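The following exercises concern strand pairing and burial. Each task is followed by a solution in steps.

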Amino acid sequence: MGQLAAPRIGWENEHLATYLLSKISFVANPITVSDDVGSDFFCTLFESRLENKAEQLFPRNSFAIQIKSKKETIIATNKIEYLTNLELPFFLGVIDQKNLRLNIYSGEYVPLLFTQYGIPQKELKLSPVRDIVDIKDYCRTTTDKNLQLVTAFLKMPFVLEISASDTRATILAKSRQVSTLCSRIHQNISARVSQEYIFRLSASGSASIMAGSGSVETFRRNFYLRLAEALYNLEWIAKSPHHNLNMDEFRVYENCYLGLIEAKIEIPDLLRKIYNRLKGQLTDKSKD
């Protein structure tokens with residue numbers, strides 16, 4: 001009895017993907033079908049450095065990646081719960097066995113989709129694209145009469161290609177590119193998990209702030225904590241011999257704090273304590 005060719009081709013593609021991904025990362029994958037959790041590989045990017053006259057690899061960002069044999073839109077409805085809870089950047093890899101290449105597409109808009117539109121109730125499609133994707137067109141959606149998300153068609157923009165023929169210098173540059181992207185995606189995942197809803201869209205610093213049913217419940221708390229963070233830093237500056245405290249800047253934050261108190265708005269004890277402490281320190285210093 002002969003062996004089916006299709007499973008072997010899939011096996012070959014996965015092994016080729018492992019080889020190419022290992023050029024930029026440590027690679028781990030489920031060893032049995034029962035271990036399949038929604039991604040073919042979990043990768044940890046590494047940084048190469050010369051230590052003690054020998055090249056050493058130091059772990060950096062991690063990501064999950066699904067490998068496909070051709071570039072096409074995939075039905076990912078069975079991955080909705082997985083992607084909703086995944087706290088790693090998610091990528092799609094399309095293997096080109098003939099040319100020994102792996103094209104990588106980014107799921108950087110996954111956390112934005114679930115934040116802006118919610119969880120698809122019926123269908124999720126992922127489409128790897130070579131076009132430029134931005135916040136205005138990263139997905140198409142349909143909703144029901146209650147404005148609940150029914151289906152979502154999410155674009156996954158092209159990131160880069162890893163080839164077996166890439167030089168060492170090229171591989172290092174591509175590794176840095178993926179690492180930078182992973183850092184930004186990690187920030188966005190963290191923003192969703194921590195309910196802060198400020199999403200970084202590019203390395204240049206542009207951002208999208210998503211107000212709505214989620215943010216409206218948490219933006220006040222987040223603001224009070226950020227105000228406390230500012231006061232903690234001003235306290236550090238005031239104590240530092242290498243920095244000078246800008247009193248005009250302090251008064252801006254102070255006026256904001258006093259406005260909250262005057263409006264009888266409930267604020268965290270953390271904010272109240274740091275203001276009183278910093279105000280006392282500055283008052284004592286002015287008397288010297």
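**Strand pairing and a buried serine**

The model is predicted.

**Exercise 1.** Determine in which sense, parallel or antiparallel, strand 8 (residues 139-143) pairs with strand 9, and describe the connection between them.

*Solution.* Step 1: the pairing of strand 8 with strand 9 is antiparallel and comprises five bridges. Step 2: within this pairing, Thr141 stands opposite Ala152 of strand 9. Step 3: the two strands form a hairpin, with five residues between them. Step 4: Leu147, in the turn, has a positive phi of about 65°.

**Exercise 2.** Establish how strand 6 and strand 7 pair with strand 9, and decide whether strand 9 is largely enclosed or not.

*Solution.* Step 1: strand 6 (residues 101-106) pairs with strand 9 in the antiparallel sense over five bridges; Asn103 has Glu161 as its bridge partner in strand 9. Step 2: strand 7 (residues 123-129) pairs with strand 9 in the parallel sense, over seven bridges; here Pro128 stands opposite Met156. Step 3: strand 9 spans residues 149-163, and twelve of its 15 residues are buried; therefore the rest of the structure largely encloses this strand.

**Exercise 3.** Classify Ser127 as buried or exposed, and identify its surroundings.

*Solution.* Step 1: Ser127 belongs to strand 7. Step 2: its relative accessibility is 8%; the cut-off for buried is under 20%, so Ser127 counts as buried. Step 3: beyond neighbours within four places in sequence, Ser127 is in contact with Thr73, Phe153, Leu154, Lys155 and Met156. Step 4: the contact with Thr73 includes a polar one, side chain to side chain, at 3.3 Å.

Definitions and conventions. Residues are numbered from 1 along each chain as its sequence is written. This is a predicted model: local features need pLDDT of at least 70, side-chain atom pairs count only at pLDDT 80 or more; totals for chains, interfaces and linings use all residues. Side-chain values use heavy atoms; hydrogens and water are left out. Buried means under 20% relative accessible area, exposed over 50%, partly exposed in between (1.4 Å probe, protein chains only). Helices (H or I, at least four residues) and strands (E, at least two) are DSSP runs, numbered from the N terminus. Two strands pair if DSSP finds at least two bridges between them. A polar contact is a pair of N or O atoms within 3.5 Å; within protein, one must be able to donate a hydrogen and the other to accept it, and residues adjacent in sequence count only if both atoms are side-chain atoms. Contact means heavy atoms within 4.5 Å.
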